[in-house]
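Some notes on this model follow, for reading beside the coordinates. They begin with one loop residue and then turn to the cores and a pocket.

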Amino acid sequence: MCPSRRRGKPRVKKSPPPQREDRFHPDKVPDNRLTFQRDRDRILYTTSFRRLARVTQVVSSDEGHVFHNRLTHSLQVAQVGRRIAEKLQREVQRLNAASGLNIDPDVVEAACIAHDIGHPPFGHIAERELDAIARLRGLSDGFEGNAQSFRIVTRLAMGSTQYGLNLTRATLNAILKYPWRYGQNPAKPDKWGCYEDDEEMFAWAREAGPAKNTQCDEARLMDWSDDVTYSVHDVDDFYRAGVIPLDRLVVDSEERERFYKGVFARRKDKLPKDMDELFLRGAFDSLMSVLNVREPYTPTRDFRVRLRRVTSTLIRDFVNAVQLDTSVIPPRIVIENRRRAEIFMLKQLTWHYVIKNPALATQQHGQRVIIRQLFNAFYKAGTRTDLNIDFFPISLQELLPAVPAKTSSARKKLARAIIDFIASLTEEQAIATHHRIYGFKLGSSLVFQVR
């Protein structure tokens, strides 16, 4: 007689635990590069990254000064992020405390390169306009530049597959500066990192942790590197252009007090949660006391060298502000409070002296009009019964759902496709396409298609 079998629940084959190097789709044969190096290279060679050369950081280079654009900014963020990751990696190795602390310089660099590719033409002003348009057309999760970056690398950008760039779980997680969907983090209601359409890839990227609404370590390094680069280089740009009076802030207490009043009136309810006005004033006073900038900028060789030393020293200090807390296992990344306060106040300089400038406000009004009218023209065309598909650029035709869009669901898909297209344009492309559609400047019929 055969021995009786034990009865019970059938065995369920367990899925392997999520790995940082996993890819969602089968990938091509590996080559000489490490897995995360391939991620970095895939992002670097996308048209989405290349177009950032013609997307404004704060003010266009057409103004007559060599301002940073989104491309030069992203490259510098990547350099700072990689150096911080390498510094921490060496520290971990020295302490022999690697267990549980995942910091890969290639992952950090890839995330830094990708962090701005979702920004539309004209920057934040167009981001807000597209968000308003999306909600008006029934897209409850609107438009957000960081969510658009995630959408690009997982869906819209074309690598060697039809599935976006097919990046690893670790790199996708590191790109998520705001690792939650719209409305899922009450502490930051105006920021999110994923649209409803892209929930599957978001959930997959986050399977390995960390906790809900918490950045992974590599995303935190990307975020800090972005803040460091933005704050230092924008102040450098606008001091050279004569817009930010850095020299007066160093030597003139009255100018500094006017700056303080403007900042704390505008941000009185939006200060860093662990800092008050007194602490922020003290940090900025201390920073101004050590800056070797006491007269307006002049482009002499001596002055340029001196200013470069100032910015280099600032970046060095902000890189070194990222440290490991070895009192816990695994070690925890910490950033010095005083340096965080300095970064916050440096960012306010650009807001106070540049972004709130009335001349920029009038320019931004025109940019909003371009974005809104572009969307309206394509949306109206996509809902007409006498649709002429050739009205749409080829790259937009491929994104369109069945048109004309008659149902509510189809119109939402149409709206998202048009927003994806507009967000992919450079500023020159947005202006030229708008001018052709509305007859301001017809141009040649042979170069109409936006590519």
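1. The model is a predicted one. Glu144 sits in the loop that joins helix H5 (124-136) to H6. With a relative accessible area of 2%, Glu144 counts as buried because that value is under 20%.

2. What does the side chain of Glu144 reach? The partner is the backbone nitrogen of Asn146, at 2.6 Å. Leaving out residues up to four places away in sequence, Glu144 touches Glu127, Tyr178, Asp190, Lys191, Trp192 and Tyr195.

3. The largest nonpolar core holds 92 residues. Leu221, Trp224, Phe259 and Leu349 have the most contacts inside this core. Helix H9 (residues 217-240) is its main contributor, giving 10 residues, the most to this core.

4. Trp224 is in contact with Ile84, Phe318, Ala321, Val322, Ile335, Arg339, Arg340 and Ile343, with neighbours within four places in sequence left aside. A second, separate core has 34 residues, among them Phe143, Tyr178, Ile370 and Ala410. Tyr178 is also one of the residues that Glu144 touches.

5. The second largest pocket has a volume of about 1200 Å³. Its lining consists of 40 residues, and Thr47, Ser48, Leu156, Ala157 and Met158 lie nearest its centre. The lining divides into 15 nonpolar, 10 polar and 15 charged residues.

6. Which helices each supply at least two residues of that pocket's lining? They are helix H1 (35-44), helix H2 (47-50), helix H6 (145-156) and helix H17 (408-423). H17 gives the most, with six residues.

Note on methods. Residues numbered from 1 in each chain as written. Predicted model: local features only at pLDDT ≥ 70, side-chain atom pairs only at ≥ 80, totals over all residues. Heavy atoms only, no water. 1 Å grid on protein atoms, 1.4 Å probe; cavity = no way out; pocket = protein on both sides within 12 Å on 5 of 7 lines; lining within 4 Å. Points joined across faces, edges and corners; volume = space filled by probe spheres on them. Helix = DSSP H or I, 4+ residues; strand = E, 2+ residues; numbered from the N terminus. Nonpolar A, V, L, I, M, F, W, Y, C, P; charged D, E, K, R; others polar. Core = buried A, V, L, I, M, F, W, Y, C linked by side-chain atoms within 4.5 Å. Buried < 20%, exposed > 50% of the residue type's maximum accessible area, 1.4 Å probe, protein only. Contact = heavy atoms within 4.5 Å. Polar contact = N/O pair within 3.5 Å; in protein donor to acceptor, adjacent residues only side chain to side chain.
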